[in-house]
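Thanks for coming. I have one structure to go through today, and I will keep it short. Please have a look at it before I start.

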Amino acid sequence: MLSKFLFASAATVAALSGLANAQTNITENDCASSSEYSRCNRDVADKWSSCVRNCNGNGNCVVDCGCESHQKYINCMAESCWNQVYSCKYQLFVQQYFAICPSAQEPIPFWPPPDNAPNRCSCDLGKVTQTTLSSRNQQVKCMRAVTDKLTGDIGNIPDLSKLNDGLDIANRASDCACCGASASISASWDICPHTEPTLAGADMWGVFFPSDLPNLYTSLPNWAWSSCDATLQDTNCKDLGFTDTDKFYKPGDFPNNGTSTLYEVGGTVSAPPSGTVLTWSQASATYTVTATGYDRKAVASQSEYRATATGSDETFPVQTSDSGAAALRTGGLGAVVAGIVAVAML
């Protein structure tokens with residue numbers, strides 16, 4: 001079960017509060033209905049700010065405000081910017097949602113995109129994030145198995161002075177930690193080999209695998225990713241339950257870095273992918289969203305943004321590959337969440 005804040009410091013609350021204007025970094029001019037999208041985003045931002053103010057510094061409350069606001073931004077996309085839901089910026093926004101909202105759970109609308117989706121990101125960021133999330137869950141399960149084994153060993157040994165478990169338990173816990181970290185980090189190189197690793201999500205490991213988590217690394221007070229070369233050399237991570245990835249690179253044995261930025265490929269989303277009405281749920285709410293049409297002014301203004309609309313009134317604007325999607329990665333996801341060190345991911 002994911003928990004919320006263990007301790008809400010002023011810096012933590014400020015970091016989450018500062019996200020209230022994050023939105024999705026998609027400009028209204030890129031959207032199928034620019035006026036509706038702008039109105040929707042302003043409404044969410046205003047209510048988020050108000051929600052945070054009413055928390056009076058309560059960390060759990062601030063987290064709840066962030067979760068709900070991210071969900072409502074997703075609704076804005078489904079309603080009036082559905083033509084950009086497979087874009088890099090939206091996929092990065094969902095990644096951010098998982099990072100700041102402990103109760104976030106799949107399925108998320110339009111995430112990850114289907115294979116060969118139109119206007120999709122050049123790097124399958126959704127698949128990278130899914131691999132990181134599943135690796136974290138498998139790491140937790142692996143660590144708990146170690147703890148259960150230790151508890152069982154203690155219960156079956158009458159003379160605790162003979163319990164020679166220290167090194168063995170540390171080794172098994174290290175196997176779990178190294179396999180989980182490797183599965184997460186390796187996904188960026190494996191899924192998006194041509195993309196710059198930090199843009200592909202290699203830095204997510206530090207967000208979803210916090211090294212100071214007391215109930216995850218109790219047996220490994222001095223554990224570090226850089227120490228995993230020997231462990232991964234001698235460990236079959238799939239045997240430990242890490243079954244959602246095929247690559248487990250060692251710290252000193254990664255392929256060459258890709259050099260590409262993020263951009264969109266595959267043409268235009270010409271109709272709401274979810275159909276006219278979308279219904280989706282998260283832990284605390286169920287939403288029903290009705291998609292709107294397109295705004296002629298938004299279509300007409302696309303030339304300024306290096307995008308075009310062609311054909312009949314049933315076609316919609318497309319975001320071009322040089323639209324600067326990578327800008328959301330400036331500083332990395334870790335920078336967005338750096339102040340949120342008090343959020344426990346278990």
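I will go from the whole chain to one pair of helices, then to the aromatic rings, and finish with a loop.

A word on the source: this is a predicted model. The protein chain has 346 residues, and 49% of them are buried. Its secondary structure comes to 11 helices and 4 strands. If you take the contacts with a separation of 6 or more, 77% of them are between residues 24 or more positions apart.

Now the helix pair. Helix 3 covers residues 59–80 and helix 4 covers residues 88–100. Their axes come within 10 Å of each other, and the crossing angle is roughly 160°. How do the two helices run relative to each other, roughly parallel or roughly antiparallel? An angle over 145 degrees counts as roughly antiparallel, so helix 3 and helix 4 are roughly antiparallel. Their crossing is left-handed.

Which residues make the contact? On the helix 3 side they are Val63, Gly66, Cys67, His70, Gln71, Tyr73, Ile74 and Met77. Helix 4 contributes Tyr90, Phe93, Gln96, Tyr97 and Ile100. Sorted by type, 9 of the contact residues are nonpolar and 4 are polar, with no charged residue in the contact of helix 3 with helix 4.

Next, the rings. A pair of aromatic rings is described by the distance of the centres and the angle of the planes. Searching the whole structure gives 10 aromatic pairs. In one of them, tyrosine 73 and phenylalanine 93 have ring centres 5.9 Å apart. Their planes are at 85°, so this pair is edge-to-face. Tyrosine 73 sits in helix 3 and phenylalanine 93 in helix 4, 20 residues apart, and the pair links distant parts of the chain. Are these two residues buried or exposed? Tyrosine 73 has 1% relative accessibility and counts as buried. Phenylalanine 93, at 2%, counts as buried as well.

Another pair is tyrosine 97 with phenylalanine 98. The centres of these rings are 6.0 Å apart and the planes are at 45°, so the pair is tilted. Both tyrosine 97 and phenylalanine 98 are buried. Elsewhere, ring pairs join Trp189, Trp205, Trp225, Tyr249 and Phe254 into a cluster.

Last, the loop between helix 4 and strand 1, the strand being residues 120–121. As background, most residues other than glycine have a negative phi, and most peptide bonds are trans. Where are the cis bonds here? One joins glutamate 106 and proline 107, with omega about 5°. Another joins tryptophan 111 and proline 112, with omega about -15°. Proline 107 lies in this loop, and so does proline 112.

The loop also holds phenylalanine 110 and asparagine 119. Phenylalanine 110 has a phi near 65°, which is positive in a residue other than glycine. Asparagine 119 is not a glycine either, and its phi is positive too, at about 55°. As for accessibility, phenylalanine 110 is at 10% and counts as buried. Asparagine 119 is at 1% and also counts as buried.

To recap: helix 3 and helix 4 are roughly antiparallel, tyrosine 73 and phenylalanine 93 form an edge-to-face pair, and cis peptide bonds come before proline 107 and proline 112. That is what I have; questions are welcome.

Terms used:
Residues are numbered from 1 along each chain as its sequence is written. This is a predicted model: local features need pLDDT of at least 70, side-chain atom pairs count only at pLDDT 80 or more; totals for chains, interfaces and linings use all residues. Side-chain values use heavy atoms; hydrogens and water are left out. Axes are lines fitted to C-alpha atoms, for helices over the stretch in contact, and angles run from 0 to 180 degrees between N-to-C directions. Angles under 35 degrees count as roughly parallel, over 145 as roughly antiparallel, 65 to 115 as roughly perpendicular and the rest as oblique. A crossing is left-handed if the near helix is turned anticlockwise from the far one by less than a right angle, and right-handed if clockwise. Contact means heavy atoms within 4.5 Å. Ala, Val, Leu, Ile, Met, Phe, Trp, Tyr, Cys and Pro count as nonpolar, Asp, Glu, Lys and Arg as charged, and the others, Gly among them, as polar. Rings of Phe, Tyr and Trp (its six-membered ring) pair if their centres lie within 6.5 Å; planes under 30 degrees apart count as stacked, over 60 as edge-to-face and the rest as tilted. Buried means under 20% relative accessible area, exposed over 50%, partly exposed in between (1.4 Å probe, protein chains only).
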